[in-house]
Amino acid sequence: MPKIVFVCREGSDEPRVAASPESVKRLTGLGLSVVIESGAGLASGVPDADFEATGARIAGSGEVGSADIILRVNRPTATEMAAYRPGAVVFAVMDPYGNEAALADMAKAGLTTFAMELMPRITRAQSMDVLSSQANLAGYRAVIDASHEYGRAMPMMMTAAGTVPAAKVFVMGAGVAGLQAIATARRLGAVVSATDVRPAAKEQVASLGAKFIAVEDEEFKAAETAAGYAKPMSEAYQAKQAALVAEHIAKQDIVITTALIPGRPAPKLVSRAMLASMKPGSVAVDLAVERGGNIEGSEKGKVADVEGVAVIGYANVAGRIAASASALYARNLFAFIETMVDKGTKEFAVNPEDELVKATMLTHGGQVVHPNFAAAAAAFVVDAPVAAPTATVAPVAAEPARVRKKPAAVNAETGGDAAAEEKL
Ligand code: NAD
């Protein structure tokens, strides 16, 4: 019997879907039987008929109970997972940090779950990197959202009626989202500058034709983890950076912030005073709003007027470009699932020794098995009955959660992503 893959319709605040007609075709090609929950793709511009045309069957939500593999964008709610069969394998963006009780619930439900955002950033897993695929689109969309709020043109225009100056755009944080924001603003003809605390970002910013703005002292030169992520900077550095940034921001029309440090609240980079120094009609976008925000006064899900600046704090920005985001996310999922299907026998099986599985598997066999979360989740799973391992997953050597006493050591800079630390 082919394994059944069920693609869920997400909640009303999530327009993305975890499959595309292309991924359905490719999953079917792997010997899997794909069932799409009716209407799952509508908000991403994919009607049921398009999924059907590439080999999926359309069904109601009730059929999730017979699925072996469940594909989602977001972690299932307690009500949703109550309908899942114990032993089902669930792939989603799980948002595990600080949500250990929810992880324990998934363990109690007997689910084997994978957090796609914990995928190590190694060459083999590049096609599965949901953080990159979604951040890239969010960076693009941030510029489009900013230009929508901005009452002037982005490019310089020399017309018979006079000259319109090019908009000045400043991007703070030049990771995946920031670099795409720089590229997009440049394509629209803006004069672009950017900052980051990682020295490697300097060259990347310059290669996109933007000016790099940073205090380049000794601390800056050492400010990157082995995994390629930012380190928290000293107070002295932050003060010097803030002074430089304050002077620069006063001359900008649009500021886009994307700065994050894994496992920590977003650094505060733009103060009310900095916003007040900008010209009337200026715009700021806070892509870090869901992690506490880089901009003082930004509000999640809103465009706030802060000191006369329109501060855009939309949540789930990748979801604002849902058709593209879903297509790339579906491809990320397919690439991971493909590694679990034997090419010859077409059998689906999770190999707990695979480094990608080790890095992303949160729960299995009634336990929270991921080392970053097992200790914190233990309090919630103590009385859980241990579900029998599924036929599709070999036994995992996991210390039972109830005997863990101390939190596992987590590297503050990487969130404990040992695989990423090693490989990047
Ligand atoms: P992220 O989302 O964690 O952070 C976004 C950016 O904010 C980073 O560039 C970070 O340095 C910056 N930042 C943090 N604190 C700051 C501050 N105080 N001021 C200014 N900027 C600040 O990062 P990300 O976008 O996920 O990418 C991080 C790195 O990983 C980048 O170098 C990226 O190129 C690299 N990466 C590698 C791979 C791979 O497969 N090898 C894949 C994706 C990303």
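Me: Are Arg 16 and Glu 14 buried or exposed?

Reply: Both are buried. Keep in mind that this is a predicted model. A residue counts as buried when its relative accessible area is under 20%.

Me: What joins the side chains of Arg 16 and Glu 14?

Reply: A salt bridge does, at 2.9 Å from N to O. The search of the whole structure finds 21 salt bridges.

Me: How do I read burial in the pair Arg 121 and Asp 129?

Reply: Start with the bridge. The closest N and O atoms of Arg 121 and Asp 129 are 3.1 Å apart. Then take each partner in turn. Arg 121 has 22% relative accessibility, so it counts as partly exposed. Asp 129 has a relative accessible area of 9%, so it is buried.

Me: Where in the chain do Glu 307 and Arg 272 sit?

Reply: Look at their salt bridge, which is 3.6 Å from N to O. This pair links distant parts of the chain, 35 residues apart. Glu 307 lies in the loop between strand S14 (303-306) and strand S15 (309-312). Arg 272 belongs to helix H10 (residues 272-276). Glu 307 is partly exposed at 42% relative accessibility. Arg 272 is partly exposed too, at 38%.

Me: Which residues do salt bridges with shared partners join into one network?

Reply: Glu 10, Arg 72 and Glu 80.

Me: Now the ligand. Which residues come nearest to it?

Reply: There are 22 residues around the ligand. Arg 121, Ser 132, Val 176, Asp 196 and Arg 198 come nearest. You met Arg 121 above, in the salt bridge with Asp 129.

Me: What kinds of residue make up the shell?

Reply: Sort the residues by class. The shell has 11 nonpolar, seven polar and four charged residues.

Me: Which side chains place an N or O atom 2.6 Å or 2.7 Å from a ligand oxygen?

Reply: Asp 196 does so at 2.6 Å. Arg 198 does so at 2.7 Å. For a nitrogen atom of the ligand, look at Gln 241: an N or O atom of its side chain is 3.4 Å away.

Me: How much of the ligand does the protein cover?

Reply: Compare the covered part with the ligand on its own. Alone, the ligand has 830 Å² of accessible area, and the protein covers 85% of that.

Me: What does the whole protein look like in numbers?

Reply: Count the elements: 14 helices and 17 strands. Of its 424 residues, 52% are buried. The protein exposes about 18100 Å², and carbon and sulfur atoms supply 55% of that area. Among contacts between residues at least 6 apart in sequence, 65% join residues at least 24 apart.

Definitions and conventions: Residues are numbered from 1 along each chain as its sequence is written. This is a predicted model: local features need pLDDT of at least 70, side-chain atom pairs count only at pLDDT 80 or more; totals for chains, interfaces and linings use all residues. Side-chain values use heavy atoms; hydrogens and water are left out. A residue is near a molecule or strand if one of its heavy atoms lies within 4 Å of it. A polar contact is a pair of N or O atoms within 3.5 Å; within protein, one must be able to donate a hydrogen and the other to accept it, and residues adjacent in sequence count only if both atoms are side-chain atoms. Accessible areas come from the Shrake-Rupley method with a 1.4 Å probe; for residues, only the protein chains shown count as cover. Ala, Val, Leu, Ile, Met, Phe, Trp, Tyr, Cys and Pro count as nonpolar, Asp, Glu, Lys and Arg as charged, and the others, Gly among them, as polar. Helices (H or I, at least four residues) and strands (E, at least two) are DSSP runs, numbered from the N terminus. Buried means under 20% relative accessible area, exposed over 50%, partly exposed in between (1.4 Å probe, protein chains only). Contact means heavy atoms within 4.5 Å. A salt bridge is a side-chain nitrogen of Lys or Arg within 4 Å of a carboxyl oxygen of Asp or Glu.
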